[in-house]
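Good morning, everyone, and thank you for making time for this. I would like to walk slowly through one structure today, strand by strand and then outward, so please keep the picture in view while I talk.

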Amino acid sequence: MIKSEIRKKYKTLRNKLSEIEVDDLSFQIANSVLKLPIWQYSYYHIFLTIEEKKEIITNYILSILSGKDKNIVVPKSDFSTGVMTNFLLTDNTTLKKNALDIPEPVDGIEVANHLIEVVFIPLLGFDKLGNRVGYGKGFYDKFLASCKPETIKIGLSFFEAEDSISEISTQDEKLDFCVTPKTIYTF
Ligand SMILES: Nc1nc2c(c(=O)[nH]1)N(C=O)[C@@H](CNc1ccc(C(=O)N[C@@H](CCC(=O)O)C(=O)O)cc1)CN2
Ligand SMILES: Nc1ncnc2c1ncn2[C@@H]1O[C@H](COP(=O)(O)OP(=O)(O)OP(=O)(O)O)[C@@H](O)[C@H]1O
């Protein structure tokens, strides 16, 4: 399937979920994240949920990370450049929703990309080979390209894998894992 079709398909499927389903499925995803072999690291990058778009609620994973005393890093997006700057999330971080309803740190301690060891990635879709589709603005492609090659890339999705995504380019960064409510995919 081509990327534009995947975006449309999964936006529609997501919109059909009730708030309770979103919450329940997000909790199941967090429980499976606990089983991944990723807990020896320090710096974990994670997105903050756009609730209005029925994205996965990452609060459960945030609680796990904070319970394990990890450094939690969250992005702030510049839509004029397509670049995310990343900040440490602490008890003192003030979050404010941007124009697309993404909660973002107002300011704080910036974390250099080379320090980031694990990245949880929002998806619209993914395939059985670990290819991913996002909103198509290139934020994650650029960000992942600027991290260390060993950085662990974990997609999170409410839905299972497509057989294959066509028009994959060499700039597309593959996932190492994808976690859905039912399955842990290892690529
Ligand atoms: N929670 C969250 N944070 C994130 C992302 C994300 O997908 N989810 N990003 C992932 O890249 C980056 C920000 N990029 C984004 C790009 C597009 C849209 C988006 O909602 N696009 C809508 C159209 C928006 C509009 O113009 O009104 C869409 O394509 O439907 C959101 C975030 C970094 N932070
Ligand atoms: N490393 C990079 N540097 C600069 N631009 C890039 C890079 N990687 C991808 N892009 C550009 O970003 C745009 C988005 O690509 P693509 O269709 O793969 O989106 P996506 O993977 O769905 O989106 P996202 O990365 O935002 O989740 C494309 O125009 C692509 O050329």
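Let me begin with a pair of strands: β1 and β6 run parallel and are joined by two bridges. Within that pairing, tyrosine 44 stands opposite valine 118 in β6. Before I go further, please bear in mind that what you are looking at is a predicted model.

Staying with β6, we can turn to its other partner, β9, which runs parallel to β6 and is joined to it by five bridges. Valine 118 appears here again, since its bridge partner in β9 is isoleucine 152, and further along, phenylalanine 120 has isoleucine 154 as its bridge partner in β9.

How many of the residues of β6 are buried? The count is five of its five residues, so the strand is mostly covered. If you look at the two faces separately, you find Val118, Phe120 and Pro122 buried on one side, and Val119 and Ile121 buried on the other, so that both faces of β6 are covered.

The neighbouring strand β9, residues 152-156, tells a related story: four of its five residues are buried, and it is therefore largely enclosed by the rest of the structure. Beyond β9 comes strand β10, residues 177-179, which runs parallel to β9 and is joined to it by three bridges. In this pairing leucine 156 stands opposite valine 179 in β10.

Those two residues deserve a closer look. Leaving aside neighbours within four places in sequence, leucine 156 is in contact with Ile29, Ile56, Phe120, Ile121, Pro122, Leu123 and Val179. Valine 179, under the same restriction, is in contact with Ile29, Ser32, Val33, Ile154, Leu156 and Ile184. Why do we call valine 179 buried? It has 25 other C-beta atoms within 10 Å, and the cut-off for being buried is 20 or more.

This brings us to the interior as a whole. Here a general remark may help: in soluble globular proteins, nonpolar side chains tend to be buried together. In our model, the largest nonpolar core has 44 residues, and those with the most contacts inside it are Val119, Phe120, Ile154 and Leu156.

Next, consider a helix, α3, which spans residues 59-67 and has Ile61, Leu62 and Leu65 as its buried residues. These three cover an arc of only 105 degrees around the axis, which puts them on the same side of α3. To see how such spacing works, remember that an α-helix has 3.6 residues a turn, so residues three or four places apart point the same way. The buried residues of α3 pack against α2 (19-33), β1 (43-45), β2 and β6 (118-122), while the face turned away from the buried side carries the exposed residues Ser63 and Gly67.

Following α3 there is aspartate 69, whose phi is positive, near 60 degrees. It helps to know that most residues other than glycine have a negative phi. Two further residues belong in this discussion. Lysine 54, in the loop between β1 and α3, has a positive phi near 55 degrees, and it is partly exposed, with 19 other C-beta atoms within 10 Å. Glutamate 167, in the loop between β9 and β10, has a positive phi near 50 degrees, and with 11 C-beta neighbours inside 10 Å it counts as exposed.

One more loop residue is tryptophan 39, which sits between α2 and β1 and counts as partly exposed because it has 14 C-beta neighbours inside 10 Å. Although tryptophan 39 and valine 118 are 79 residues apart along the chain, their C-alpha atoms are separated by 9.5 Å.

Finally, let us come to the ligands. Ligand 1 is surrounded by 17 residues, of which the closest are Phe47, Ser77, Pro122, Tyr135 and Phe139. The elements giving two or more residues to that shell are β2 (71-78) and α4 (139-145), and by class the shell has 11 nonpolar, three polar and three charged residues.

Which residues are closest to ligand 2? They are Gly134, Gly138, Tyr140, Asp141 and Gln171, among 14 residues that surround it. The largest share of that shell, five residues, comes from α4, and by class the shell has five nonpolar, four polar and five charged residues.

Conventions: Residues are numbered from 1 along each chain as its sequence is written. Chains are lettered from A and ligands numbered from 1 in the order in which they are written. This is a predicted model: local features need pLDDT of at least 70, side-chain atom pairs count only at pLDDT 80 or more; totals for chains, interfaces and linings use all residues. A residue is near a molecule or strand if its C-beta atom, placed from the backbone, lies within 6 Å of it. Ala, Val, Leu, Ile, Met, Phe, Trp, Tyr, Cys and Pro count as nonpolar, Asp, Glu, Lys and Arg as charged, and the others, Gly among them, as polar. A residue is buried if 20 or more other C-beta atoms lie within 10 Å of its own, exposed if 12 or fewer, and partly exposed in between; C-beta atoms are placed from the backbone. The arc is that of the directions from the helix axis to the C-beta atoms. Two residues are in contact if their C-beta atoms, placed from the backbone, lie within 7 Å. A nonpolar core is a set of buried Ala, Val, Leu, Ile, Met, Phe, Trp, Tyr and Cys residues joined through C-beta atoms within 7 Å. Two strands pair if DSSP finds at least two bridges between them.
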